[in-house]
Amino acid sequence: MIALSLARIAEIVGGEVVGPPGSDDVVVDAPAVIDGRKADPGGLFVAFVGEHTDGHDFAAQAGEAGAVAVLGSRPTELPTVVVDDAREALQTLASFVVARVREAGGLTVFGITGSSGKTSTKDLLGAVLAHAAPTVATHGSFNNELGMPLTALRVEQATRYLVLELGARGIGHIAELTDIVRPDVSLVLNVGQAHLGEFGSREAIAQAKGELVEALPEDGTAVLNAGDDRVMGMARRTRAQVTTFGTDGVAEVRVEELSLDRLGRPSFTLATPRGSVPVTLQLVGAHQALNAAAACAAALAVGLTPEQVAEALAAITTLSQWRMELHELPSGVIVLNDAYNANPDSMRAGLDALVTLGADGAVQRTVAVLGEMRELGPTGEAEHREVGRYALARGVDVVLAVGEAARGIADGAEDAAVVVHDNDEATAWLAEHVQAGDAVLFKASNGTRLYEVASTIR
């Protein structure tokens, strides 16, 4: 974060500095946090009053970790900027900091959304841009009304690229986020079925995701998936330049000649208007090639060369936690942990990656440990069955459905299915049945905590 005194922060957010003499002159020059344990020396702790806990009670803890001040709705043990609404103040401060750095140094802001793949694509784009200049990108899926401004507040004077993942659970949510920090480049990956239960229809999802494109200035760039008609329809919602990515000839940045190695890592050619370059990723899954093309299109929009992009992509070894994490265990078991989140599209991508691991005979058996996909609404039961059918059709040897809500997966997988009641039973079943030569995929919505089972097996 750029250095600001508490007096200046109070002026920006319309608050009052409360604390011992000299508190006005305390300088914040490290990121803002909402978890006091994660404060850095010189940082700002933002305190919220929740249903069960009051963040102000943890101000001393934040101070021990290094925080020098608090932004909250009442005084604390640390010098505090007291405001009526801490969330609004946090967003106002983030908007100010980004605007200040933009004016001073030419900061470019990227916004990324989509029903699936946005975190992986954000990770890829962030790494590509960081290869060229100082870059700040969203940690994990910190993509809501709190996470996005906290990311923005990590910007410093030297930062040249800010990559923001933007999530939405209803129409108007992305518009609210882009009112805080407006993008220069907007990247829309797809319109799928994630959060369908909250939106009601894919048309409503498209309406919400397209708000990211509408927020662009005339000299901005919309990066759109040429293979998704609902995404391409967003081109009509902006006066900015439009560029496309995909796998067929109409896309300006294209994936060509795709192949996978024995661990499902893709090699391909990125064809661009500025030349073609070969790329080999160290990440698992054919779908990562399309994510890489999306990142490439966004990077080219701000002047990077195809060669710079290819070099940076090839160097990426990991993504955010619990996303296509590949582990070859000493026991001879291969674990593919993609258990951070799940929707029908990402489930199919995960199953495709699992089957690829067993394609050359090096893997004796494929095991898919699958849990509930949440927030699908009335279609949820049918979508779970379809995932089970897809696993069966792709030849997965064993489908372990975890939890009653995932029983539809077992119904679709028929004789390949085993059902367990909870994560403890899943752990016990795997300990008894998984053996050397097996490849095991873990995939479910985050709230099921299936990643804990994957960690235990590791």
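**Close-up views of a predicted model**

**View 1. A residue pair that links strands β12 and β13.** In this predicted model, Val223 has Thr243 in β13 as its bridge partner. The pair can be placed in a wider setting, for strand β12, residues 221-225, is joined to strand β13, residues 241-246, by 5 bridges, and the two strands run parallel.

**View 2. Helix α11 on the sheet.** Residues 287-300 form helix α11, which packs on the sheet and touches β8 (108-113), β11 (185-188), β12, β13, β14 (253-260) and β15 (266-272). The direction of helix α11 makes about 150° with that of β14.

**View 3. The open sheet and its edges.** Here 9 strands, in the order β9-β10-β8-β11-β12-β13-β14-β15-β16, form an open sheet whose pairing is mixed. At the edges lie β9, residues 135-137, and β16, residues 275-280, each of which pairs on one side only. On average, and with direction ignored, neighbouring strands of this sheet are turned by 15° against each other.

**View 4. The surroundings of the sheet in the whole chain.** The protein chain as a whole contains 17 helices and 22 strands, and its C-alpha trace spans about 70 × 50 × 45 Å along the principal axes. Because a compact globule of 458 residues would have a radius of gyration near 23 Å, the 23 Å of the protein chain agrees with that expectation. Of the 458 residues, 56% are buried, while the chain exposes about 18,300 Å², of which carbon and sulfur atoms supply 46%. Among the contacts between residues at least 6 apart in sequence, 63% join residues at least 24 apart.

Note on methods:
Residues numbered from 1 in each chain as written. Predicted model: local features only at pLDDT ≥ 70, side-chain atom pairs only at ≥ 80, totals over all residues. Heavy atoms only, no water. Pairing = 2+ DSSP bridges. Helix = DSSP H or I, 4+ residues; strand = E, 2+ residues; numbered from the N terminus. Axes fitted to C-alpha atoms, helices over the stretch in contact; angles between N-to-C directions. Contact = heavy atoms within 4.5 Å. Rg over C-alpha atoms; globule rule 2.2 N^0.38 Å. Buried < 20%, exposed > 50% of the residue type's maximum accessible area, 1.4 Å probe, protein only. Areas by Shrake-Rupley, 256 points an atom, 1.4 Å probe, with all protein chains shown as cover.
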